[in-house]
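Reader: I should like to learn how to read several features of a protein model, from chain totals down to single backbone angles. Could you take me through them one by one?

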Amino acid sequence: MLDELSLVIFLPVIGAVVLICLYSAPIRFHKYLSFTISLATLGAAINLWLQFDPSRGAFALNLSELIQFEKNLPWISTLNIGYHIGLDGISLLLVMLTTFLTPLCIWGSFGSIKERQKGYYIAFLLLETGMLGVFSSLDLVLFYLFWEATLIPMYLLIGIWGGERRIYAAVKFILYTMVGSLLMLVGIIWIGWNSVEGRVTFDLLDLLTSGKFSLTAQKWLFLAFGLAFAIKVPLFPFHTWLPDAHTEAPTAGSIILAGILLKMGTYGFLRFCLPLFPHAAQEFSGWMVMLSLIGIIYGGLVTVVQKDIKRLIAYSSVSHLGFVMLGIFSFNLVGMQGGTIQMINHGLSTGALFYLVGVIYDRRHTRQISEYGGLAKVMPRYATLFMIVALSSIGLPGLNGFVGEFLILTGAFQVHSLYGIAGASGVVLAAVYLLWLYQRIFFGEVTHPENQNLPDLSLREKIILISMVVFIVWIGVHPTTWMAASENSVRWVITRVVSPIQ
Amino acid sequence: MSFLLPEGILVVGGILMLLLDIFQYSKGKVFFSLTVIAYLTAMGILIGEFSLSAEHQLLSGMVNADLYGVMVKVLLLSIGLFISLIAAPYFGYILLKENNNSEKIYRSTPLNPPRPGDFFALLLFTTVGMTLLATANDLLVVFFGLETMSLGLYGLAGLFPERVRSGEAALKYLILGAFASAFMLMGIALIYGTNSGETHFSLLWGKESSVGEGITAQMPLYSVGIGLVWIGFLFKIAAVPFQFWAPDVYQGAPTPVTALMSTGPKAAAFMAFTRLFGWAVPQTGEWWQGIIVLVSIATMTLGNIAALSQSNIKRMLAYSSIAHAGYLLLAPLVVSSPQSELKTLAASALYFYLTVYYLMNLSAFAIAYIVNRARHNQDYSIADYMGLAYRHPWLAITLGVVMISLAGIPPTAGFFAKFYLFAAAVKAGYTWLVVIAVINSVISVYYYLRLVVYMFMKPLEKPITVVAHLPVALVMGISLIGLIFWGIFPRSLHHQSYHAAQQMLSSPPVETHP
């Protein structure tokens, strides 16, 4: 039988295969089965969370001390590529986020996806396996396989069930991402042959202990890997695929794209770029911080002028992920922990924001801000939840966003006060665009007669949103529950970068 | 000796068909069954030989009989088998149960199907040519196999003489192919002349050769000979700058024949020349390596960029074949390096790639064929595929998986095919070439996924009913399963080919005299 972690990773794809075999079953069967499978995956992941020991690996020197639920099986022995999986604190948090958001997305799609539904749920389950595999892989080729495997389901989700310009967005998404990924593949192959004298290895733990890279090699590899991750994050100036992909994707697609897929990029930096190429990371850290700050400020400014709600939220992701990157590249515990928890926060807040947009889109089929106004009178519960989520995205103390942003800014400030100041302006910008958005949509008089009789949240929508809000508040009020898991791993990454063993 | 028994069976089968043909016997079913039986028997014999532990040469060292050779032959035979499966229902050789709602009665057979004897005999002889070419140990056997294969293909390309395009294809292929063969023969003659009358692979082996002195003394002519042989080879695989014939010939020939042309000769030629340039000529290796790098870059780039603008699926697949030939040229490059580990990696990667490649291509052409039949014209336009997923989801999924695999996206076998090849190339130091190959892969994603876009994301405007008879469905099903299985567990195939390649390359051929 499968071990616990493999169960979590492969349960969705097993479900997808079952659904393919039973393709002719009624649509409701597909919907409920896929929802059940995703809940079962969540259950298995909670099982992992309960068994995870956050105190393990404190002040570790090797990543292997931090990895739990490890499994290593030979897979392609001719090239010494193994099925090597395991979780540490950072990946565990991301796995929890993934398994938490997916059932909500699947359930949330019940009402909005009306055509070719069977394929939709199958694609969603395949996507979930891909994402979980990315976060669990400890072998470079395995990681690459899962990374690329998320592309096709996402491409199909955007291209078949998306908005008007969906084909353009889907093709742009896949081509853009693949350029980066394929260059990373060359890097991976090069690492396999050239990192350890006399043998070939693609295993991350092996590379970390035995691998030796010259500074030049590190720089090239950092760029190769970094490009792929920077496109995914997205880091300025590689962000131009994001607005189209997010806007044209179906609601659940946007939630997963913003909530999880973007984090694959930041995770890649934490897991691969920083530990494997520490010298290069130090050399390039100035650039990365610069690009992050530009992302924060430029992203924020562009967000302010958007007229389409979804596009506005999409651009806000550029700004928010800029914060995460700023935290990561500050190379101190405060900043990096902030970056890590902010990954989770962004997934929850922006995921909830996209879902909220989906709710209103299902009713009015328009995303233009000008079409709305005074909705607080018509849909008070919706307005309340929207306000909570928007405030969390801005970073109001007491909610999750504050925890992340405060830590990140503190960390950035420690590096250079200018970074902290510039970053803080991003918070102001967030307040500008979100509060202004809120005012235009909800406050004032009902300006359009079509908005007069919109129904408020249904039970399903309420449960989904409240589930997310629960965590938004929980992380905001008691973040230690969550941050304790990743602390040792983050400390290890910093040790690795700041004082490399070479 | 049983290594050559399969060829014997095929030849006997071919002659039998010609005889039947002469006596005006034209029951297609019989020809088809005989062909399938011949192929299956031949494959059965070969699979029984898998336990070959020691390699040996046959025919005074003319043919290489080892595990790798066996595997290559099985590959080529299965290509032939699948081609006969694809062609048979549509050339009217076997009439299967028609679709029940055949209100719009369409002809499932062409106006004048070629005589079954013609088709199957040519197919069998072509297969023999391919297997001889792929397992050859001597330049003359290479030429012999190449010519047999090519002549068969010229005939197959022109099977429908009443169609202008078909005749054009055959004539173009014949004339240009004959030209290329002439080049190659001249090259072989020069090698023969400068090599003191030896054409056996072992005696082209540089330092260990007993005629090493002779080679150095007449180096320039020898190099010219090698160059001419290369030209012949590059033509056959449609590499730049000898690729001009491919799109027209692929488009004009009947689709099952195109399927054969895009897979079989490439596989056989690559096998032969990888062994030739891997083993036989490391001494003169250096000068042509740079040129081949350029050819490889030009081929993949031209193939991919030209395919971007194609609206005819056969031409698109033709250019895609050209691009893949560009990637495959990495194999002879890497094999020609002195380290044995690299040689093994390259040879095993080549085998894996060619196997996966033929699965993808055969499936793609088969689907193109049956979709085209449902449109009752010769357009083969990409627009035929719009909204196909609504009407035939499994067909669309199969073609979708094939396209994704051709693009090299995991978790399909096409990804691992490229991965193994690129891994070998990086190890050999061709990292920059791999970067270019990888960028080309991204370009190719656009036109491969364009079909996916059309099938899944566009609405169904013109209704279509595609009929997939059992043999074709069988081919499609096997490819689908193979592509996905080997995309997740590539080891099962790669391990085998690695082992075989190791065995083959550890013992260079030796000419034995009877």
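Author: The dialogue below treats chain composition, helix packing, burial and the backbone in turn. Please keep in mind throughout that this is a predicted model.

Reader: Let us begin with a whole chain. How many helices and strands are there in chain B?

Author: Counting the secondary structure elements gives a first outline. Chain B has 20 helices and two strands.

Reader: What percentage of the residues in chain B is buried, and what do carbon and sulfur atoms supply of the area that chain B exposes?

Author: Of the 514 residues in chain B, 66% are buried. The chain exposes about 17,300 Å², and 68% of that area comes from carbon and sulfur atoms. One may add the sequence range of the contacts: among contacts in chain B with a separation of 6 or more, 82% are between residues 24 or more positions apart.

Reader: Now to helix packing. At what angle do the axes of H4 and H11 of chain A cross?

Author: One reads the distance between the axes together with their angle. Helix H4 of chain A, residues 117-136, and helix H11 of chain A, residues 251-276, have axes that come within 11 Å and cross at roughly 20°. H4(A) is therefore roughly parallel to H11(A), since angles under 35 degrees are classed in that way. The crossing of H4(A) with H11(A) is left-handed.

Reader: Which residues make the contact of H4(A) with H11(A)?

Author: H4(A) contributes Tyr120(A), Phe124(A), Leu127(A), Met131(A), Val134(A) and Phe135(A). From H11(A) come Ala252(A), Gly253(A), Ile256(A), Ile260(A), Leu261(A), Lys263(A), Met264(A) and Tyr267(A). By class, the contact of H4(A) with H11(A) holds twelve nonpolar residues, one polar and one charged.

Reader: How far apart are the axes of H16(B) and H17(B)?

Author: The axes of H16(B) and H17(B) are 6 Å apart, and the two helices pack at an angle of about 15°. This angle makes H16(B) roughly parallel to H17(B). Their crossing is right-handed. The contact involves Ser405(B), Leu406(B) and Ala407(B) of H16(B), together with Ala413(B), Gly414(B), Phe415(B) and Lys418(B) of H17(B). Four of the residues in the contact of H16(B) with H17(B) are nonpolar, two are polar and one is charged.

Reader: Turning to single residues, is Phe143(A) buried or exposed?

Author: Relative accessibility decides the class, and under 20% counts as buried. Phe143(A) has 0% relative accessibility and is therefore buried. This residue is part of helix H5 of chain A, residues 140-149. Leaving aside residues up to four places away in sequence, Phe143(A) touches Val134(A), Ser137(A), Met184(A), Phe229(A), Tyr267(A) and Phe272(A). Two of these names have appeared already: Val134(A) and Tyr267(A) take part in the contact of H4(A) with H11(A).

Reader: And which residues does Gly187(A) touch?

Author: Outside the residues up to four places away in sequence, Gly187(A) touches Leu221(A) and Phe225(A). Gly187(A) lies in helix H7 of chain A, residues 166-194, and its 5% relative accessibility makes it buried. As an example of separation, Gly187(A) and Val359(A) are 172 residues apart in sequence and 43 Å apart in space, C-alpha to C-alpha.

Reader: What should I look for in the backbone itself?

Author: The general idea is that most residues other than glycine have a negative phi, and most peptide bonds are trans. Departures from this pattern deserve a listing. In Phe69(A), phi is positive, near 60°. Phe69(A) belongs to strand S1 of chain A, residues 68-76, and counts as buried because its relative accessibility is 15%. Asn80(A) also has a positive phi, near 60°. It sits in the loop between S1 and strand S2 (81-87) of chain A and is partly exposed, with a relative accessible area of 37%.

Reader: Where in the chains are Pro234(A) and Pro411(B), and which peptide bonds are cis?

Author: The bond from Val233(A) to Pro234(A) is cis, with omega near -5°. Pro234(A) is in the loop between helix H9 (215-232) and helix H10 (241-248) of chain A. In chain B, a cis peptide bond joins Pro410(B) and Pro411(B), with omega about -5°. Pro411(B) lies in the loop between helix H16 (393-407) and helix H17 (413-427) of chain B.

Technical notes
Residues numbered from 1 in each chain as written. Chains lettered and ligands numbered in written order. Predicted model: local features only at pLDDT ≥ 70, side-chain atom pairs only at ≥ 80, totals over all residues. Heavy atoms only, no water. Axes fitted to C-alpha atoms, helices over the stretch in contact; angles between N-to-C directions. Helix = DSSP H or I, 4+ residues; strand = E, 2+ residues; numbered from the N terminus. Parallel < 35°, antiparallel > 145°, perpendicular 65-115°, else oblique. Left-handed = near helix turned anticlockwise from the far one by under 90°. Contact = heavy atoms within 4.5 Å. Nonpolar A, V, L, I, M, F, W, Y, C, P; charged D, E, K, R; others polar. Buried < 20%, exposed > 50% of the residue type's maximum accessible area, 1.4 Å probe, protein only. Areas by Shrake-Rupley, 256 points an atom, 1.4 Å probe, with all protein chains shown as cover.
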